[in-house]
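I sat down with this one over coffee and kept notes as I went. Here they are, in the order in which I looked things up.

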Amino acid sequence: MNPPLVHKTWWLSGAGALLLLGVCGLGPLLALLHEGGLGAAPLWQDAYLRHVVQFSVLQAGLSTLLSLGLAIPVARALHRRHFPGRSLLLRLFGISLVLPVIIALFGLVAVHGQQGWLPRLLASVGIQTGSYLYGLGGILLAHLFFNMPLAARWLLFSLEAVPAENWRLASQLGMKSGALWRLLEWPALRGQLTPLASLIFVLCFSSFTTVMALGGGPGATTLEVAVYQALRFDFELDTAAQLALWHLLLCGAALALHHQLAAPAPGHQHSSLRASRPDTRHWLGLCIDGFWLSLALLLFIPPLLAIVTAGLKPQLWQALTSHQLWASLLTSLQIGLGASLLACAISLGLLFSSRHLRQRLGRPHAATLLESSGSLILLIPTAVLSTGLFILLLPVADVFGLGFWLVMLLNGLACLPYTVRTLQPALQQAVLRYDRLAMSLGLQGWSRWRYLEWPLLRAALGRAMALAAIFSLGDLGAVAMFGSDELQTLPWLLFQQLGSYRLDDAAATALLLLLLCTSLLWLVERGFGDPR
Amino acid sequence: MSAHSETIPALVAAPEPATPEPAIKETNDLTLHCRDLALARGGEQFRFSFNLQPGELLVLVGPSGAGKSTLLDLLGGFVTADSGALLWQQQPLQSLPPAERPFTTLFQSHNLFDHLSVQQNIGLGVRPDLRLSAAQWQQVSAAAERLGLSEFLSRLPTQLSGGQQQRVALARSLVRQRPFLLLDEPFSALDPALRHEMLKEVQQLAHQQRIGILLISHHPEEARGVADRIALLQEGEIRFCGSVSELDNSANNDMARYLGRRS
Amino acid sequence: MGRLPTHITRSLDVRSLLLLSTLLATTTAMASDPLTIYTYDSFASDWGPGPKIKQAFEKQCGCQINFVPLEDGVAILNRLKLEGKHTKADLVIGMDESMLPEARRSQLFAPHQVDMTPLALPGGWQDDTFLPFDYGYFAFVYDGDKLKHPPKSLSELASRPDLKIIYEDPRTSTPGQGLLLWVKQTQGEQAATYWQQLAKKTVTVTKGWSEAYGMFLKGEADLVLSYTTSPAYHRLAEQKQNYHAALFEEGHYRQVEVAAQLKSAHQPELAARFMKFMLSDEFQSLIPTGNWMYPVTKVALPVGFNQNETPAKTLNFTEAEIATGRKAWLQEWRGAVSQ
């Protein structure tokens, strides 16, 4: 139909990427099905496994409720009050989204562990807190730490999306706080609550690192951790496979539900008019806002401070001389580099084909489908994927010997959704703006790459690689499965140091990891051109 | 700076009032023939027939949605016709990729790569891989000079004004040396005085370089001043095509209605 | 189009080669083949017996020992099962008596050729594959300065409302597995109830001994599952008199730690030589103040090592009992503590 415009090989890169995704996604799944069968019965007959499922749901549900319960008044207070440090706080809330979980856990242990700041402070005034960090309490605390800021930001943006004129109108009509809540705020928030809740639920349901570090034994184990334990503790391949399939099923259901409920997250409105709310002066409101904000700050700030101040201790220098630390750093960097290269290569493969589908062949739906295949792999939780890979490779290879490459592969696959999303606009822009021009000038092959694609892609590629590297640098799931004495990454080292309570060493590791991630983040925001 | 730099360099002799007759048959046929070139797009039917001769400036006017851009897409090779013929030198053009057709197209926007310098942008017209010989770079400089762009060669397009940017695109179409130039309202974003200057420039290109130019315009009154012929496009078809004097004499209702004149 | 692939591949080639070479440089093993020994981390650590043993043996054989430290004894066997015939291990140190049925079933181990006459293990030892190298008794250790009234029995440990304990996961560690058997032998049918009681006092269940003991020393719990010989470390190495093992009326479960060489060993001669070395006086005399366990031969104990800490009554299951019961007991524990 369109002979001059269609390249014969347009499908090649996409097909290659799809093939790789298919092999890496379906292979392990088939291995699991083969090993675990589809039998659902054993799971429900075993009291322990039943408990694991119940606990996964319980902790995710409670985490969601608590996060939202705190986020709503905090978002409201942030919207009502403009105080010094507010924008810094919002930035910190944003950073908590990309902060590797294990670093934050270090902060939480430093603050809430038996010897942490808070119990010591309380003990000095005669209050014995006992240990509350291990088990359900700690898991909830950590999930609250991660998800409350996410929810508060999201809800605050929803409130800020209410036109400033509405607030002025409300002022003229003399609305009080209660009426504002009923007539303006609640309608603005209501629609966001279900998608937000389902997102947080999914995140907490498959939370691995937190539960590994704070779970403390079988009493507080989620499905994802149980998969890991069945494989690494019990060598029960069939149980591991069954648990993995259950995890896949439940996670898939939760994600499908989330997809049903999903609404686009509100963008940050840069309204020229600051909403002038009529209810900012009343002392009661001030007290209430003060209370919620203090609560949020007390929850959120001390662990962050603990990570940074840990670096001020003199023991840090001792810990920094550890050979193990630098070896882990090297391994982490290698894995991060490899994973981000892999993720970008697969993404580009998908995107070059999808772009052709969309632009030249006029098949936008097929193109979107191809692009979203990159996110599909994320539906399979890491523990499931790695268990499958493990079972697949066990008979034919030394799995631990391959650990390095497998972790790289899993990390690369896991950051595909981010890299696809980062690269897609740049590639799309290249054709939307310049495709006809390039065609009319006969820019093809290398010339097209050199003078059109590469200059437009370069910045996005840098961003995508940095994002993928940040992700990989914080990963614990894959390395837990394939990690060994020979494969030591920074997060895994930190996890072990936390577990054996070597807080001085852990401080050095956490600080190094934090520095790496923030400098990469800085590169993402500054170094690679326009922040989108 | 703009007032000075927008003036046209004094490179032109007085414009010849060339008004080639529309239906001349030549043995070595350098005329572009477009016969019943048809396309169904978005539920609408388009069918185009017209000729374009070397050295003539044909202005295409018509209400928006009539199919002006569709026609340029068809000619340029960015979409493919369902039926009909597009002939030049007895050769069908429809199976050729955009770059091999005898056209240079200037789009409404994005005619330049914003990340490449003016010199590179013009040079791409000579060779798309930019491996230019010294003589070819000389050619680029000459074209730039002709359009008054010599001092901007190392700049990026975003550092130029809108008029200068379109002039860079024109310079590139010069070095491409294609017999036909298709202009898709490239000056519509410019202010009226500048637009008029650019139109004059285009007219000179047509007459001096013997380039056949198809110009889509939103400003038929302005185009009258420079056009050799005017074509009116309505509802997917060319309803009228003739010289400016024919236009004035004709009792063509469509044209009159479009131009808002009483007949 | 023709030029695109060559250019791209050329530039990619250079970069990927660079990347690959840096990666490979760090992942390939050392050229000389050492004797690879899987063991638990406290054995191989700087403060454990590992370094001195390594030094002593390397001087004898003119070879290299490579200790691979894993979380704990049970983790060693799990790891070997996961690696199967691809394992790098020549020899393992640190499985224990109660793992023998599992270890035997795995068929990964080769018989040793060691003369066992120097063995002076209470109760004797007959096994041609698994060789004991130390033994001890599981016990809960406490800080006498903080805990003035230690529990006097397993029952009291579970029923006292004021105690916080840390113990090791029976799925990964030998002390954890020891506690599993200890509880089963003393509580019998009531084991599940006992575990549930104990769960209320449990701060955390750790993967290995070092982790648990480290947390205990940091003050995270009142008692930690360890050995009757652990206080000796504090007395002799740290001159601290405040750590004690709580002696229980029900008696204490005995642990015999064993070593074995692998069928798939790359260095079978070296492995066999090391097995012999383990019963030598040189090795055995490093055990009390290195691994803080009792030696299995008649080497002299250091002064002050034992202060009336030998349990009056020792407990253990036969191998056959463990072989039939272990999996069910593990599930009983898992089910009970997760309630």
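**Entry 1: a helix in chain A**

How far does helix α5 (residues 101-112) of chain A reach from its first C-alpha to its last? I found that this helix has 12 residues and reaches 16 Å, close to the 16 Å expected at 1.5 Å a residue. The expected span here is 1.5 Å times one less than the number of residues in the helix. I took helices (H or I, at least four residues) and strands (E, at least two) as DSSP runs, numbered from the N terminus.

Before going on, I noted that this is a predicted model, where local features need pLDDT of at least 70, side-chain atom pairs count only at pLDDT 80 or more, and totals for chains, interfaces and linings use all residues. Residues are numbered from 1 along each chain as its sequence is written, while chains are lettered from A and ligands numbered from 1 in the order in which they are written.

Next I checked burial in α5(A), and 12 of its 12 residues are buried. A residue counts as buried if 20 or more other C-beta atoms lie within 10 Å of its own, exposed if 12 or fewer, and partly exposed in between, with C-beta atoms placed from the backbone. The buried residues include A:V101, A:F106, A:G107 and A:H112.

**Entry 2: helix α7 of chain A**

I then turned to helix α7 (residues 136-160) of chain A, with its 25 residues. At 1.5 Å a residue it should span 36 Å, and its end C-alpha atoms are 35 Å apart, which agrees.

Where does α7(A) bend? I located a bend of about 30° at A:N147, and a proline, A:P149, follows within four residues. The bend is the angle between axes fitted to the seven residues ending at a position and the seven starting there. I also saw that 22 of the 25 residues of α7(A) are buried, so this helix is largely enclosed by the rest of the structure.

**Entry 3: where the chains touch**

I counted residues in contact, meaning that their C-beta atoms, placed from the backbone, lie within 7 Å. Between chains A and C, the contact takes 32 residues from chain A and 38 residues from chain C. On the chain A side, the elements that give two or more residues are α3 (47-80), α11 (223-232), α15 (323-359) and α20 (445-473). By class, that side has 14 nonpolar, 14 polar and 4 charged residues. For these classes, Ala, Val, Leu, Ile, Met, Phe, Trp, Tyr, Cys and Pro count as nonpolar, Asp, Glu, Lys and Arg as charged, and the others, Gly among them, as polar.

For chains A and B, 22 residues of chain B are in contact with 20 residues of chain A. The chain B side divides into 11 nonpolar, 10 polar and 1 charged.

**Entry 4: chain B and its strand β8**

Chain B has 9 helices and 10 strands, and 41% of its 263 residues count as buried.

I picked out strand β8 (residues 212-216) of chain B, where 5 of 5 residues are buried. B:G212, B:L214 and B:I216 point one way, and B:I213 and B:L215 the other way.

Which strands pair with β8(B) in the parallel sense? Strand β3 (residues 57-61) does so over 4 bridges, with B:V59 opposite B:L215. Strand β7 (residues 180-184) does so over 5 bridges, and there B:L182 has B:L214 as its bridge partner. From β7(B) the chain crosses through helix α6 (residues 192-209) to β8(B), a right-handed β-α-β crossover. Right-handed means that, with the strands pointing away from the viewer, the path from the first strand over the helix to the second runs clockwise. Pairing takes at least two DSSP bridges between the strands.

**Entry 5: chain C**

Chain C has 13 helices and 12 strands, and its C-alpha trace spans about 85 × 50 × 45 Å along its principal axes. Of its 339 residues, 48% count as buried.

Strand β7 (residues 202-206) of chain C has 5 of 5 residues buried, so this strand is largely enclosed by the rest of the structure. Strand β6 (residues 165-168) of chain C joins β7(C) through 4 bridges and runs parallel; C:Y167 stands opposite C:V205.

My last lookup was C:E257, in strand β10 (residues 252-262) of chain C. Is C:E257 buried or exposed? C:E257 counts as buried because it has 26 C-beta neighbours inside 10 Å. Leaving aside neighbours within four places in sequence, its contacts include C:G94, C:D96, C:F133 and C:M293.

Notes:
Two residues are in contact if their C-beta atoms, placed from the backbone, lie within 7 Å.
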